[in-house]
2 protein chains.
Amino acid sequence: MLWFDGAISDDPRTGFDLRDRGLLLADGLFETLVVTNGRAFMLDAHLDRLLAGAAALNIPVDRKSLRRPVDDLTAALPDGGIIRLTLTRGVGPRGLRPPAQQQPAIFAAASAPWSPNPTAAEVRLATSRIRRNPSSPTSRYKTLAYLDNVLALEEALGRGADDALLLAVGGRAACTSAGNIFVIQGENLLTPSLDDGVLPGITRALVLDVVAPELGLMPQEMSLSKGSLLLAEAVFLTNSVALVTHATELDGKPLSRYGRETVEQIRTEILALMD
Amino acid sequence: MLWFDGAISDDPRTGFDLRDRGLLLADGLFETLVVTNGRAFMLDAHLDRLLAGAAALNIPVDRKSLRRPVDDLTAALPDGGIIRLTLTRGVGPRGLRPPAQQQPAIFAAASAPWSPNPTAAEVRLATSRIRRNPSSPTSRYKTLAYLDNVLALEEALGRGADDALLLAVGGRAACTSAGNIFVIQGENLLTPSLDDGVLPGITRALVLDVVAPELGLMPQEMSLSKGSLLLAEAVFLTNSVALVTHATELDGKPLSRYGRETVEQIRTEILALMD
């Protein structure tokens, strides 16, 4: 199911303009949202992040225009689902420079249904050769320049793992192909700081700001080495669709399961927020 | 003028599939070619580079399919022009993983006419805050993940310059927003090595392999500091459309014009190859 040009359709072959800069130059942004219980979970936070990215990229767009496709598709997903909302800078002339008058393009796709796993899925990580580049805005905003993530995931799968661990260029742990990383150590809940080339995840913020205090955990953003992942009581990953998954292996070495119960508690708290 | 689905059209609003991974994830590649004297200049080299990128990204495509839109558009550009050829991995399901059966998409756009400047244009460079990431395949192949280049150029223009100098994450000179960098020092013709996050430019290769020997210059690929640009007899830039431009300023400091004549000779040699 697609939303394009103000209407919902099942035909993906729309009148999309081949001169669109999102297609030609990855000049745009996106968000992925879960719809459950009749609403798009954390919609305001997703729109905030998208608008922050648009401001950084200087793409003129208002909240209402971004919200409309999500509202329309949410109403069409009675059993829940997943919405991907895409914003591009729109059509431009040949070359890298944006046009003087920008006309952003907005479209969205929905798939159904969505339901959470009974328990946190387990994933094996393999460290990617591709590193995150904190100097690039593409590391801080959810831009269409997502090819590194695609290739890092393929690399990890090719090595028999389930997902990639991406380090920043300096060697610190950053993220997975589509998620943030957390480490549990006693009452401490640690996650790489945004300076290390990390996307400010919506579920990441929820864990830091809402879930951790509720469970009596001490959240901290700080640089994490690969070694600190291997030494932790548990390593888990967050993203907006899988919510919380448990990393059980890194480059063939087992990660601790000692903190597994805490991982499940965090996940249960997030699910409770969805009700 | 556009080439899509086997036909040339003036309507950019085709039946392009909104689920295409080039649009959603920058999962694709492109080339920009100049058409002059009835042929696409350096066509084989452009196709070689595109096919090398497709192999690295594991996108199945053959040379003939890539060549056809260029041939068709070349025939429709009697006064010369510029062709941008785009290849994407095609449609995929939700998420980062490519589909088991890939159906790449190919399209192209043409603009006309094209004619060379009478002499090498002069550009002022400003060093970008965005750095090149040599660990990323997007630094070595001409992928659709081009947003860093777009933003670096806007940053440079905002600072009163004409183009951006991008350093690699380690601090070495890499390239401009859409071109390679060369330094002239006596008989030496130096350019950053590909390990420093540099795209293997078609014009870059032409200068190294054909033009330099013809002019008795000694081409060398090596790491270059920003200081070596400031000390050189001349700094020039290459790309497939502007061919050779002369960098006359870096971050407000004048660059030497002592080697200007050599810059013009190099440009003249390339223009002669186009005849």
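This is a short talk on how two chains, and two domains within one of them, meet in a predicted model.

Let's start with the pair. Two copies of a chain are related by a rotation about an axis and a shift along it. Here, chain B lands on chain A after a rotation of 180 degrees, with 0.0 Å of shift along the axis. The RMSD is 0.0 Å. That is the relation of a two-fold axis.

Now, how many residues does each chain bring to the contact? Chain A brings 46 residues, and chain B brings 46 residues. Look at the side of chain B that touches chain A. Five elements of chain B supply at least two residues each: β1 (2-4), α1 (21-25), β5 (81-88), β6 (105-111) and α4 (147-158). The largest share comes from α4(B), with 6 residues. By type, that side of chain B has 24 nonpolar, 12 polar and 10 charged residues. And 100% of the interface residues of chain B are also interface residues in chain A, so the copies meet through the same surface.

Next, go inside chain A. Its domain assignment gives domain 1 (2-111) and domain 2 (122-274). Their centres, taken over C-alpha atoms, are 26 Å apart. Domain 1 of chain A puts 19 residues into the contact, and domain 2 of chain A puts in 12.

Which element gives the most to the domain 1 side? That is β3(A), with 8 residues. On this side, β3 (28-36) and α2 (43-57) of chain A each supply at least two residues. The domain 1 side divides into 10 nonpolar, 7 polar and 2 charged residues.

Note on methods. Residues numbered from 1 in each chain as written. Chains lettered and ligands numbered in written order. Predicted model: local features only at pLDDT ≥ 70, side-chain atom pairs only at ≥ 80, totals over all residues. Least-squares fit on C-alpha atoms with pLDDT ≥ 70 in both. Contact = placed C-beta atoms within 7 Å. Domains from an automatic or database assignment. Helix = DSSP H or I, 4+ residues; strand = E, 2+ residues; numbered from the N terminus. Nonpolar A, V, L, I, M, F, W, Y, C, P; charged D, E, K, R; others polar.
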